[in-house]
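This report concerns the packing and the charged contacts of a single model. Please keep the sequence and the coordinates at hand while reading.

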Amino acid sequence: MFAKRLKEARLGLGISQRELGRRIGLSEEVVSSRVTRYELGTSEPDFATASKLANELGVPLAYLLADSDALADIILAAASMPPAEQRKLAAELRAKKKGAAKQ
């Protein structure tokens, strides 16, 4: 899922793999091939690199790492909300979870 979301976010910004690699500080020798491997899923970045990728793409790291598309969509939507709305949403989700647990 990481690879798919990474590629979608990069394409959404309209930048090349090479440009993304440069922006996160990869050396010119590996800049394009490294991002290609991340997007193909043949290699995974370490936590620090994944954080840099998310930051450069303007998405939360949790979005790139989410286990499902639905959860990724929720994370992306919540990230764009003001903090007060995020807290409200979190409270609503906690209440919903408690209600489901009682059933």
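The text below treats the nonpolar core, then the salt bridges, and then the surface and helix α6. The model is predicted.

**Nonpolar core**

In soluble globular proteins, nonpolar side chains tend to be buried together. In this model, the largest nonpolar core comprises 21 residues. Leu-6, Leu-20, Leu-53 and Val-59 have the most contacts inside this core. Two or more residues each are contributed by α1, α3 (31–40), α4, α5 (61–65) and α6. Helix α4 supplies the largest share, namely four residues.

Leu-53 can serve as an example of the packing. When residues up to four places away in sequence are not counted, Leu-53 touches Phe-2, Leu-6, Leu-20, Ile-24, Tyr-38 and Pro-45. Two of these partners, Leu-6 and Leu-20, are named with Leu-53 among the core residues with the most contacts.

**Salt bridges**

How many salt bridges does the model contain? The count comes to seven. Three of them are listed here with the separation of their closest N and O atoms.

| Salt bridge | Closest N and O atoms |
|---|---|
| Asp-69 and Lys-4 | 3.0 Å |
| Glu-19 and Arg-23 | 3.0 Å |
| Arg-23 and Glu-56 | 3.6 Å |

The salt bridge between Asp-69 and Lys-4 links distant parts of the chain: Asp-69 is in helix α6 and Lys-4 in helix α1 (residues 2–13), with their positions 65 residues apart in sequence. Both partners count as partly exposed, because the relative accessible area is 34% for Asp-69 and 37% for Lys-4, and partly exposed covers the range between the limits of 20% and 50%. Asp-69 and Lys-4 also belong to a network of salt bridges that includes Arg-5.

Arg-23 takes part in a salt bridge with Glu-19 and in another with Glu-56. Glu-19 and Arg-23 are four residues apart in helix α2 (residues 17–23), and therefore about one helical turn separates them. The pair of Arg-23 and Glu-56 joins helix α2 to helix α4 (residues 47–57), so this salt bridge ties together parts that are 33 residues apart in sequence. In terms of exposure, Arg-23 is partly exposed at 39% relative accessibility. Glu-19 is partly exposed, with a relative accessible area of 27%, and Glu-56 is partly exposed with a value of 27%.

**Surface patch and helix α6**

Which residues form a nonpolar patch on the surface? The patch consists of Leu-71, Ile-74 and Leu-93, whose accessible area together is about 250 Å². Leu-71 belongs to helix α6 (residues 69–79). With a relative accessible area of 39%, Leu-71 is partly exposed; this value is over the 30% required of patch members, so Leu-71 meets that condition.

Ile-75 is also placed in helix α6. Leaving aside neighbours within four places in sequence, Ile-75 is in contact with Pro-60, Ala-62, Tyr-63 and Ala-66. By way of a distance, the C-alpha atoms of Ile-75 and Thr-36 are 25 Å apart in space, and the two residues are 39 residues apart in sequence.

Helix α6 thus recurs under several of these headings: this helix gives two or more residues to the core, holds Asp-69 of the salt bridge with Lys-4, and contains Leu-71 of the surface patch.

Note on methods. Residues are numbered from 1 along each chain as its sequence is written. This is a predicted model: local features need pLDDT of at least 70, side-chain atom pairs count only at pLDDT 80 or more; totals for chains, interfaces and linings use all residues. Side-chain values use heavy atoms; hydrogens and water are left out. Patches are made of residues with over 30% relative accessible area and no salt bridge: like charges are joined within 9 Å, nonpolar side chains (Val, Leu, Ile, Met, Phe, Trp, Tyr) within 5 Å. Accessible areas come from the Shrake-Rupley method with a 1.4 Å probe; for residues, only the protein chains shown count as cover. A salt bridge is a side-chain nitrogen of Lys or Arg within 4 Å of a carboxyl oxygen of Asp or Glu. Buried means under 20% relative accessible area, exposed over 50%, partly exposed in between (1.4 Å probe, protein chains only). Contact means heavy atoms within 4.5 Å. A nonpolar core is a set of buried Ala, Val, Leu, Ile, Met, Phe, Trp, Tyr and Cys residues joined through side-chain atoms within 4.5 Å.
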